[in-house]
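Open your viewer and get ready to select residues by number. We will go from stop to stop, and at each one you will learn what to pick and what is there.

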Amino acid sequence: MTTTGAAVDPALAHLRAADPVLARLLDEHGPPETWRDASRPAPGDHYGALVRSIVGQQLSVIAARSIYLRLIEFFGGHTPSPQEVLDADPDEMRVAAGLSHAKTRFLRSLAEHVISGELELERLDDLPDEEVVQKLVAVKGIGEWSADMFLMFQLDRPDVVAAGDLGIRRAVERAYGLDVIPTQAEVTALAEPWRPYRSTACLILWGSMRNTPVVAPDA
């Protein structure tokens, strides 16, 4: 997520005033990092971002990057187009990249949705968050977690709360001194004062764990 310059200051000021726990985390750890993994698709490459998201489900950052780069290598060093995915032999693609059978099916489902027009990637920038999620989860293999990550890191939406992310829930448990990991509903309720900068609040929480969202529960 790119939250730099003038976009950061109002968010941090609001969150400091709205939540003393976040204010303490900012004092302890500083502003959240906003780096972007160089191996990731370009900011405007929504299809590539979804391919990367599917590949990385239930994997560490390092493992996800490795498999994604092997997939890119299989397609000659570039993110495959939807038609290239469908034209490729599924087993050859799976073995070359180290994909599971399920993820191979998910990549083909994504390609089919794009080619059929069911998923119009060029329209996502203009849709409200809820509609983006609705469009994405219609693709087999893309769940709400992946949709939230897409909103935050690909579309740079400022007010997404990744309540389904285990890292966020663990960070909340530790930062707020809870006895157990909170539920998604509890995190969502806790996040109400963070509006309209819940994405930045999530970055602060991830930063407090010296972590980034690394495991998707979608697959």
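**Stop 1: Arg123 and its partner**

Select Arg123 in this predicted model. Arg123 is partly exposed, because its relative accessible area is 36%. Now add Glu120 and show both side chains: they meet in a salt bridge, with 3.6 Å from N to O. Glu120 is partly exposed as well, at a relative accessible area of 35%. Why do such pairs form? Side chains of opposite charge can pair when their charged atoms come close.

**Stop 2: a cavity**

Keep Arg123 and Glu120 selected, and add Glu118, Leu119, Leu124, Leu127 and Lys135; together these residues line the largest cavity. How much space is inside the largest cavity? Its volume is about 40 Å³. The count of cavities of 30 Å³ or more comes to one. Colour the lining by residue class and you will find three nonpolar residues, no polar ones and four charged ones. If you wonder how empty space is found at all, rolling a probe the size of a water molecule over the atoms shows where it is left.

**Stop 3: more salt bridges**

How many salt bridges are there to look for? The count comes to eight. Go to Asp129 and Arg157, whose side chains meet in a salt bridge of 2.5 Å, N to O. This pair links distant parts of the chain: Asp129 sits in helix H8, while Arg157 is in the loop between H9 and helix H10 (166–175), 28 residues apart. Are Asp129 and Arg157 buried or exposed? Both are buried.

Next, select Glu192 and Arg195. Their side chains form a salt bridge too, at 3.0 Å from N to O. Add Asp159 and Arg198, and you have one network of four residues, in which Asp159, Glu192, Arg195 and Arg198 are joined by salt bridges that share partners. Glu192 counts as partly exposed, because its relative accessibility is 39%. Arg195, with a relative accessible area of 37%, is also partly exposed.

**Stop 4: the second largest pocket**

Now select Val133, Glu144, Asp148, Val160 and Val161. Of the 17 residues that line the second largest pocket, these are the closest to its centre. The space in this pocket is about 420 Å³.

Show the helices as ribbons. Which helices each supply at least two residues of the lining? They are helix H8 (129–137), helix H9 (144–154) and helix H11 (184–190). The largest share comes from H9, with four residues. By class, the lining of the second largest pocket has seven nonpolar, three polar and seven charged residues.

**Stop 5: aromatic rings**

Here we turn to rings. A pair of aromatic rings is described by the distance of the centres and the angle of the planes. The structure holds two aromatic pairs. One is Phe74 with Phe75, an edge-to-face pair whose centres are 5.0 Å apart and whose planes are at 85°. Phe74 is partly exposed, with a relative accessible area of 29%, whereas Phe75 is buried, at 11%.

Another aromatic pair is Phe153 with Trp206, and this one is tilted: select both and look for 6.0 Å from centre to centre and 35° between the planes. Phe153 lies in helix H9 and Trp206 in helix H12, so the pair ties together parts that are 53 residues apart in sequence. Trp206 counts as buried, because its relative accessibility is 2%. Phe153, at 24%, counts as partly exposed.

**Stop 6: Ile204 and its surroundings**

Stay on helix H12 (residues 198–208), where you will also find Ile204. Is Ile204 buried or exposed? Ile204 is buried, because its relative accessible area is 5%, and under 20% counts as buried.

What does Ile204 touch? Leaving aside neighbours within four places in sequence, Ile204 is in contact with Leu12, Leu15, Leu22, Leu25, Leu26 and Pro32. Finish by selecting Pro32 together with Ile204. The two are 172 residues apart in sequence, yet 5.3 Å apart in space, from C-alpha to C-alpha.

Key
Residues are numbered from 1 along each chain as its sequence is written. This is a predicted model: local features need pLDDT of at least 70, side-chain atom pairs count only at pLDDT 80 or more; totals for chains, interfaces and linings use all residues. Side-chain values use heavy atoms; hydrogens and water are left out. On a 1 Å grid over the protein atoms alone, a cavity is a set of points where a 1.4 Å probe fits but cannot get out, and a pocket is an open set with protein on both sides within 12 Å along at least five of seven lines; lining residues have an atom within 4 Å of a point. Grid points are joined across faces, edges and corners, and a volume is the space filled by probe spheres set on the points. Ala, Val, Leu, Ile, Met, Phe, Trp, Tyr, Cys and Pro count as nonpolar, Asp, Glu, Lys and Arg as charged, and the others, Gly among them, as polar. Buried means under 20% relative accessible area, exposed over 50%, partly exposed in between (1.4 Å probe, protein chains only). Contact means heavy atoms within 4.5 Å. Rings of Phe, Tyr and Trp (its six-membered ring) pair if their centres lie within 6.5 Å; planes under 30 degrees apart count as stacked, over 60 as edge-to-face and the rest as tilted.
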